[in-house]
Amino acid sequence: MQTYEQINAGFNRQMLGGQRNRVKFLRRILTRLGNPDQRFKIIHIAGTNGKGSTGTMLEQGLQNAGYRVGYFSSPALVDDREQVKVNDHLISKKDFAMTYQKITEHLPADLSPDDITIFEWWTLIMLQYFADQKVDWAVVECGLGGQYDATNIISAPFISVITHIALDHIRILGPTITKIAQAKAGIIKNGTKQVFLAPHQEKDALTIIREKAQQQRVGLKQADAQSIVDGKAILKVNHKIYKVPFNLLGTFQSENLGTVISVFAFLRQQGLVTSWQPLLSTLATVKIAGRMQRITDHPLVILDGAHNPDAAKQLTKTISTFPHNKIIMVLGFLADKSIRQMVKIYQQMADEIIITTPGHPTRALEASALKSALPQAIIADNPQKGLVMAKKIAEPNDLIVVTGSFYTIKDIEANLDEK
């Protein structure tokens with residue numbers, strides 16, 4: 001049997017996400033496997049920003065309620081296996097290899113493993129593994145878009161969640177909010193119990209999602225944002241007010257929190273969770289690597305994977321609430337992103353900028369190419385060196401922010417002592 005390392009190294013790395021025919025093609029394989037996705041309840045999450053925070057809070061909340069929960073999220077920060085977890089445990093290399101083997105044995109005769117791309121493989125492995133692990137629930141994040149995303153091969157999920165919609169992946173999903181909302185709305189399927197939509201959506205996005213939910217005869221609930229004040233969430237739930245510690249930084253978390261509260265209220269209504277306690281305990285301890293992650297104080301260093309203009313705006317809004325003297329930014333982008341807009345946002349904010357090349361084999365934008373947009377910036381060979389450089393020039397009351405892409409903070413994550 002091939003090892004995990006051999007399998008992962010041999011994957012077809014084409015980016016075919018967003019192509020219409022792929023979902024149909026993958027469904028054939030899922031049928032051959034006996035539809036493993038129908039053996040547990042699924043919360044399917046699409047959206048431009050907020051998928052990770054929303055998914056993590058729901059997954060942790062369900063675990064705290066006593067369920068066995070699978071979680072599929074991307075991108076991984078340090079180890080690809082972070083994408084597939086059951087009750088916080090990464091899929092083991094042996095289980096990965098065995099699941100891969102099982103799927104290859106069930107492939108239709110006209111298909112070979114090479115016909116399936118890397119994200120599609122991870123999706124198939126995740127669904128089969130969760131079924132083998134007898135999870136009660138799976139929280140499944142879309143990789144890209146929704147309708148033609150590999151994760152959309154699943155039958156109707158129990159719940160669909162659509163987080164904040166903004167412009168991203170415009171080459172694949174289209175150049176307008178309407179086009180992007182259409183892609184995300186593709187996860188709404190007849191047979192789903194309820195669709196939840198994050199607060200504060202653009203009007204065009206709201207219209208598209210309402211129409212799709214009506215077509216598919218699925219109830220739609222748009223969540224209300226919740227207040228977060230001085231590290232405490234003030235939750236309005238069934239005419240009651242809870243004031244609880246909340247561990248995530250970021251003003252935008254008030255929206256994600258609103259979505260999570262809405263979903264949990266529905267689970268209570270359905271008798272699937274019996275009290276708010278599992279969620280309240282989750283909020284006090286929840287941590288998300290690479291999202292407003294504080295790694296040191298004096299100077300305060302924040303890692304954030306903001307990788308599109310909407311996330312960049314949210315990040316600057318949050319940073320402006322932190323006490324700081326100077327802001328030093330370490331930036332690295334992928335070439336297929338709206339870099340010009342992000343550069344503009346960060347330029348207005350940062351006192352010093354260090355640019356670097358993220359660790360992605362094919363999509364990284366070379367720091368030298370970024371230099372023309374940021375002539376005053378200093379170049380560092382890689383993100384790790386960029387952070388060392390930033391720390392050298394920082395005073396104790398300064399703020400260092402490393403951002404631009406999850407791939408920019410990946411190397412730094414990998415070298416943190418706590419890993």
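Here are legends for three close-up views of this predicted model.

**View 1. Two domains, side by side.** The protein chain splits into domain 1 (4-285) and domain 2 (293-414), with bounds taken from an automatic or database domain assignment. Their centres, taken over C-alpha atoms, sit 28 Å apart. Across the join, 18 residues of domain 1 are in contact with 23 residues of domain 2 (heavy atoms within 4.5 Å).

**View 2. Where the domains meet.** About 1600 Å² is buried between domain 1 and domain 2, and carbon and sulfur atoms give 58% of that; buried area is the accessible area (1.4 Å probe) that two parts lose on being put together, summed over both. On the domain 1 side, look for L77, L249 and T251: these lose the most area to domain 2, together 32% of what that side buries.

**View 3. Helix α11 under cover.** Helix α11 spans residues 309-319, and 9 of its 11 residues are buried (under 20% relative accessible area, 1.4 Å probe, protein chains only). Helices here are DSSP runs of H or I with at least four residues, and strands are E runs of at least two, numbered from the N terminus. Among the buried ones are L315 and I319. The cover includes β14 (327-331), α12 (339-349) and β17 (399-403). At the N-terminal end, N308 caps α11, with a side-chain oxygen 2.9 Å from the backbone nitrogen of A311.

**Reading notes.** Residues are numbered from 1 along each chain as its sequence is written, and side-chain values use heavy atoms, leaving out hydrogens and water. Local features need pLDDT of at least 70 and side-chain atom pairs count only at pLDDT 80 or more, while totals for chains, interfaces and linings use all residues.

Notes
Buried < 20%, exposed > 50% of the residue type's maximum accessible area, 1.4 Å probe, protein only. Polar contact = N/O pair within 3.5 Å; in protein donor to acceptor, adjacent residues only side chain to side chain.
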